[in-house]
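Grab a coffee and have a look at the chain below. Each exercise comes with a solution you can follow on screen.

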Amino acid sequence: MALGKVVMAAALAVAIPFGALAAPPKQDAPDRPMSGNPILPGWYADPEAAVFGKTYWIYPTTSKPYAEQVGFDAFSSPDLVHWTRHPDVLKIEAISWAKEALWAPSVVEKDGRYYFFFSANDIKNDDEVGGIGVAVADKPEGPYRDLLGKPLVGTFHNGAQPIDQFVFKDDDGAWYMIYGGWKHANIVRLKDDFSGVQPLADGTLFKEITPAPEYVEGSLMFKRGGRYYYMWSEGGWGEPDYAVAYAIADKPTGPFKRIGTILQQDPEIATSAGHHSLIHAADDDSWYIVYHRRPLGETSRHHRVTAIDRMYFDAQGHILPVKMTHEGVPAR
Ligand code: FUB
């Protein structure tokens, strides 16, 4: 299984000429077992998908009232169909400065260690303690311990609430973090030991890259065909019209121009679809979108489930609208 997490797509992109491998939506592998949707049991949101070695991982937010969001579970699978729960891979007791609202993991491997970026406390101003933190472990399943003993980003910059971070490694080895709630997004370049931020090429530390007035939160970046794709969530996550949109640019710092919506509610399937991540299988250039959605008939904003479906590009490299399903994806 030759697979790479989307944050490793810089290396993969060399082998994928832009637009050369476009594929229309299709129903494939009818003989293989299907994952079904949702793929995780229980209320889980903001799923971060990763591939470490030959194992698929999902690190979600536990979707509960904020005061009860005091830990993270992880899930692993050999085939995208059979998932094993790893409870409490990061507990709030391991983060001295966090008290609630543990959200939106972004997990990467670097030099044989695993780094778990998270948001905590849902801070509303710079007087509150909280923001984006980072924890570290020797194994994907943890246990993770706080790396810094304080937030990595603990204040507002350019109006962006410090939440919903996504960590991205570029071709040249530079690590970037894209983040931000409250309708503003920033990009920062991380120090190599993830202990803080260092100046971007233009000298700024926190560069605003808000791609469109519709931007709300849930940033994600990947590289394909030498270009940078920026994806994000729009609307309110408690509302049915939560959705995912995207833009493309020649640099990770943009400028980005919104192209369109690719994931949104379907009256036959679910509402409130958003805050996603991606898996890219390099061997057959297939892409999977892992996202949360609200089952039809559910009204509690915390009742969000994690689902997986295929994502396709057209010949120009544009992302085609995702068809949400109850069937999910075939085993691989
Ligand atoms: O799960 C908590 C928050 O809901 C996330 O930070 C947002 O992106 C939204 O999904």
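**Exercise 1: Overall shape**

Task: What radius of gyration would a compact globule with 332 residues have, and what does the chain have?

Solution: Start with the rule: for 332 residues, a compact globule comes out near 20 Å. The chain has 18 Å, so the two agree. Keep in mind that this is a predicted model. Next, look at the box: along the principal axes, the C-alpha atoms fill roughly 55 × 40 × 40 Å. Then count elements, and you get 1 helix and 21 strands.

**Exercise 2: The nonpolar core**

Task: Which residues in the largest nonpolar core touch the most other members?

Solution: First, the background: 47% of the 332 residues are buried. In soluble globular proteins, nonpolar side chains tend to be buried together. Here the largest nonpolar core holds 90 residues, and Phe-116, Phe-118, Ile-178, Met-221 and Tyr-230 touch the most other members. Strand 7 (residues 113-120) gives the most to this core, with 6 residues. Now zoom in on Met-221: leaving out residues up to four places away in sequence, its contacts include Phe-166, Phe-168, Ile-178 and Tyr-230.

**Exercise 3: Around the ligand**

Task: Which elements give two or more residues to the shell around the ligand?

Solution: List the shell first: Ala-45, Asp-46, Thr-61, Trp-103, Ala-104, Ile-163, Asp-164, Glu-217, Gly-218, Trp-237 and His-275 surround the ligand. Strand 2 (44-52), strand 6 (103-110) and strand 15 (215-224) are the elements that give two or more. Finally, sort by class: the shell has 5 nonpolar, 3 polar and 3 charged residues.

Note on methods. Residues are numbered from 1 along each chain as its sequence is written. This is a predicted model: local features need pLDDT of at least 70, side-chain atom pairs count only at pLDDT 80 or more; totals for chains, interfaces and linings use all residues. A residue is near a molecule or strand if its C-beta atom, placed from the backbone, lies within 6 Å of it. Helices (H or I, at least four residues) and strands (E, at least two) are DSSP runs, numbered from the N terminus. Ala, Val, Leu, Ile, Met, Phe, Trp, Tyr, Cys and Pro count as nonpolar, Asp, Glu, Lys and Arg as charged, and the others, Gly among them, as polar. The radius of gyration is taken over C-alpha atoms; the globule rule is 2.2 Å times the number of residues to the power 0.38. A residue is buried if 20 or more other C-beta atoms lie within 10 Å of its own, exposed if 12 or fewer, and partly exposed in between; C-beta atoms are placed from the backbone. A nonpolar core is a set of buried Ala, Val, Leu, Ile, Met, Phe, Trp, Tyr and Cys residues joined through C-beta atoms within 7 Å. Two residues are in contact if their C-beta atoms, placed from the backbone, lie within 7 Å.
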